[in-house]
Amino acid sequence: MENNRRKFLKNLAGLSGLAASAAPGLANAGSSSATHVQDIRLSKNKDYVRLVFDLDGIADHSIFTLHKPERVVLDIKKSKMPHGMVDQIQANSLIRSIRSGVRNDKDLRIVFDLSKAVTPRSFLLAPSGKSGHRLVIDLHDNKTLTRAKRTHKRDVIIAIDAGHGGKDPGATGRSGTREKNITLQIAKRLEKYINQQRGMKAVLTRKNDRFMRLRDRIHKARDSHADLMISLHADSFPDPRARGSSIYALSVDGASSETARMLAEKENAADLLFGDVNLAVDDQMVKEVLFDLSLTGTIESSLDIGSEILGQIKSVNRVHKKKVQQAGFAVLKAPNIPSVLLETAFISNPREEKSLRSSSHQQKVAKAIMRGVGKYFARKAPPGTWLASSDGEYRVNRGDNIEAIAAKRKISEKDLRARNALYADNLMAGQVLKIPVS
Ligand SMILES: [Zn+2]
């Protein structure tokens with residue numbers, strides 16, 4: 001994985017218009033000219049004050065707080081700012097004054113004098129639309145932050161995408177089973193299982209038999225603020241003996257195998273046939289997506305989630321490929337959202353076609369996907385979600401059981417199971433459980 005990432009970053013650096021310093025760990029590589037601050041904008045929100053620095057390139061930065069008096073210090077490496085620019089920001093109830101200066105002859109330091117303690121958050125935004133590179137600083141009021149921590153824990157959102165639909169039937173089995181119907185049935189079962197779990201909420205990209213372009217599926221996932229997108233499909237192959245499940249993540253530097261490449265072409269084809277925009281060759285969008293993916297490690301997360309799901313699928317179906325495969329599936333190109341595509345089985349294999357139609361098999365598949373997803377988010381839920389919450393830990397002793405631990409810690413057994421992805425009853429002595437907040 002580490003090698004893949006390095007290779008990926010190297011390739012990324014070669015893309016036109018993207019500086020190598022965009023990638024974490026490669027900061028400042030190969031660039032010697034200064035970045036310029038072109039403008040500073042301030043906006044006030046309910047719980048925080050936002051400052052946006054418009055830059056003419058990518059800059060490495062760091063931010064920290066100083067106390068008594070309260071200050072936030074922002075250092076932007078190898079950057080320049082016109083004299084007096086900070087003066088255009090008016091003092092307000094939080095920011096008393098702003099000062100700036102040059103450090104080490106080349107770095108820019110900006111000091112915010114504040115009236116109360118804050119927690120700063122910062123992130124970079126890639127050019128998009130009319131906006132160029134931006135460095136965003138959010139100053140969160142510490143008081144509202146602790147209050148929010150205690151009261152609001154959001155759900156992890158899982159976008160479930162039933163492949164194909166409407167005039168695009170997908171693959172058809174020998175007995176006439178259509179991929180678009182199977183994917184929708186499994187999607188609905190998966191939705192039910194996910195919504196039964198505390199801390200997770202499912203959103204379907206389509207709820208009925210209708211055609212949807214790939215980019216509309218991505219938009220739907222993005223608009224629902226999904227933390228993960230799972231696209232469901234069923235494979236087909238001329239040889240009816242081909243069988244088994246496989247799972248895919250996006251690749252940015254070529255497919256992991258010829259089969260993976262051909263499959264991606266097949267799954268992308270609906271948009272070429274029926275849609276007016278082909279996402280796969282939309283250059284500008286692809287570039288923006290790559291930029292985004294590189295900054296957030298989205299592909300690595302996708303591979304991680306993919307192998308959790310594959311690990312669970314193994315118990316209900318034969319696995320066609322033992323590892324998560326990679327190819328350029330257009331539907332997996334949602335910026336910032338880890339995404340996987342599951343070929344549940346071969347609809348072209350008469351035996352698998354039969355099991356794909358069976359409701360008990362569909363249930364098993366949906367349950368296995370839910371468990372894989374649960375296992376991943378029990379480890380790596382995004383901050384601010386209930387699944388990332390922790391009210392301490394519990395080390396399992398010999399003879400402990402889940403019900404007794406829940407009673408001892410005054411939480412529900414269902415919550416304890418969901419927070420730790422405990423889908424079976426066996427515990428191991430020494431195993432550490434997270435105690436969720438109630
Ligand atoms: Zn498909």
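H225 sits in the loop that runs between α4 (214-223) and β12 (228-235); helices (H or I, at least four residues) and strands (E, at least two) are DSSP runs, numbered from the N terminus. Although H225 is not a glycine, its phi is positive, at about 55 degrees. H225 is exposed, because 11 other C-beta atoms lie within 10 Å; a residue is called exposed with 12 or fewer other C-beta atoms within 10 Å of its own, buried with 20 or more, and partly exposed in between, with C-beta atoms placed from the backbone. The model is a predicted one, in which local features need pLDDT of at least 70 and side-chain atom pairs count only at pLDDT 80 or more, while totals for chains, interfaces and linings use all residues. Residues are numbered from 1 along each chain as its sequence is written.

The strand that follows this loop is β12, and eight of its eight residues are buried. In a regular strand the side chains alternate between the two faces of the sheet. In β12 both faces are covered, with L228, I230, L232 and A234 on one side and M229, S231, H233 and D235 on the other. β12 pairs in the parallel sense with β10 (residues 156-162) over five bridges, where two strands count as paired if DSSP finds at least two bridges between them. In this pairing A159 stands opposite M229. β12 also pairs with β15 (residues 339-346), again in the parallel sense, over six bridges, and F346 is the bridge partner of D235.

Another loop, between β6 (95-103) and β7 (107-114), holds D105, a residue other than glycine with a positive phi near 70 degrees. D105 counts as exposed because it has 5 C-beta neighbours inside 10 Å.
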